[in-house]
Amino acid sequence: MTTSTRQVVQTVWAFLPLASTGYLAPLVFMYAAIRIRSISLYLATGLYTAVAVIEFVTASAPVGTYQHTVWVLCLIVAAIVAAGHAAAIREQVFDFPETGDDRWKKGNKNAVKLARRHRQMRTRARAIADRDPDLARELGIGRPDLIRSYDDGGLIDINHAPAEAISRIPGLPAEHLKRIMDVRDMVGAFSSAEDLAITADLPAELTALLKEYTTYLPR
């Protein structure tokens, strides 16, 4: 059962006591008691059954009589109170095992959330590197090859990181990694992603990727 279907079933089930003016409340809570195997819900089933029976017996009582007052109170308990009770326990009652589709959607949602968090972390780390290079070095920003406690979201310092660390940039082909390392050995350092792309003669489409994942601490 998908998440959306489960939510619809939960809502309809919880609404039954109200929709039936209380007469279906015993069946609703009998189902819940069987599903959860709860003694308290079996007792609630008995209570709502008694209230529903009294409601039925007093339904035709003339307005203004004691029996009519009893009917009103039973209606409130069996319909409104029971519906609220059912709504409060509906997720527990319909706690079906997740399907493969549910797990896939949840996994994708978590992956997107994590990717966005890493992007924010790279932005903050890059700002530190631009503003205070010495602090960035102390924090180990851009150096996944070092032991460090600061999480920079996967940022790579092109001017200092070894080839293995630079190879972690998603989507960077091996031949371009080799080109970067060879040119770095010749020129020493780069000032920006644009400078790297031009100096190492990299394809223009790599520039955006490099801007997202790299920083350039001076040597």
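# Salt bridges, loops and overall form: worked exercises

Asp152 is buried, and its relative accessible area is 0%. Keep that residue in mind as you work through these exercises on a predicted model.

**Exercise 1. Find the salt-bridge partner of Asp152, and say whether that partner is buried, partly exposed or exposed.**

*Solution.*
- Step 1: Look around the side chain of Asp152; Arg148 forms a salt bridge with this residue.
- Step 2: Check the distance: the closest N and O atoms of the two are 2.6 Å apart, and the cut-off for a salt bridge is 4 Å.
- Step 3: Classify the arginine. Arg148 has 28% relative accessibility, so this residue counts as partly exposed.
- Step 4: Put the pair together: Asp152 is buried, whereas Arg148 is partly exposed.

A general reminder helps here: side chains of opposite charge can pair when their charged atoms come close.

**Exercise 2. Which helices are linked by the salt bridge between Glu212 and Arg122, and how many residues apart are the two?**

*Solution.*
- Step 1: Confirm the pair. The side chains of Glu212 and Arg122 meet at 2.7 Å, N to O.
- Step 2: Place each end: Glu212 sits in helix H10 (residues 206-213) and Arg122 in helix H5 (residues 100-131).
- Step 3: Read the separation: the two are 90 residues apart, and the pair links distant parts of the chain.
- Step 4: Add the accessibility. Arg122 is buried at 6%, while Glu212 is partly exposed at 25%. The dividing value is 20%, because buried means under that figure.

**Exercise 3. Describe the salt bridge between Arg168 and Glu164, and give the accessibility of each partner.**

*Solution.*
- Step 1: Take the distance: the side chains of Arg168 and Glu164 come to 3.4 Å, N to O.
- Step 2: Look up Arg168, which is partly exposed with a relative accessible area of 45%.
- Step 3: Do likewise for Glu164, which is also partly exposed, at 45%.
- Step 4: Set the pair in context: the structure holds seven salt bridges.

**Exercise 4. Locate Thr21 and Arg37, and state the phi of each.**

*Solution.*
- Step 1: Recall the background: most residues other than glycine have a negative phi.
- Step 2: Go to the loop between helix H1 (3-19) and helix H2 (25-36), where Thr21 lies. The phi of Thr21 is positive, near 50°, and this residue is partly exposed at 37%.
- Step 3: Move on to the loop between H2 and helix H3 (39-57), the place of Arg37. Phi of Arg37 is also positive, near 60°.
- Step 4: Classify Arg37. Its relative accessible area is 74%, and exposed means over 50%, so Arg37 is exposed.

**Exercise 5. Work out what the radius of gyration says about the overall form of the chain.**

*Solution.*
- Step 1: Begin with the elements: the protein chain has ten helices and two strands, in the order α-α-α-α-α-α-β-α-α-α-α-β.
- Step 2: Compare radii. A compact globule of 219 residues would have a value near 17 Å, but this chain has 33 Å.
- Step 3: Check against the dimensions: the C-alpha trace spans about 100 × 35 × 30 Å along its principal axes.
- Step 4: Turn to burial and contacts. Of the 219 residues, 37% count as buried. Among contacts between residues at least 6 apart in sequence, 57% join residues at least 24 apart.
- Step 5: Finish with the surface: the chain exposes about 12,900 Å², and carbon and sulfur atoms supply 62% of that area.

Notes. Residues numbered from 1 in each chain as written. Predicted model: local features only at pLDDT ≥ 70, side-chain atom pairs only at ≥ 80, totals over all residues. Heavy atoms only, no water. Helix = DSSP H or I, 4+ residues; strand = E, 2+ residues; numbered from the N terminus. Buried < 20%, exposed > 50% of the residue type's maximum accessible area, 1.4 Å probe, protein only. Rg over C-alpha atoms; globule rule 2.2 N^0.38 Å. Contact = heavy atoms within 4.5 Å. Areas by Shrake-Rupley, 256 points an atom, 1.4 Å probe, with all protein chains shown as cover.
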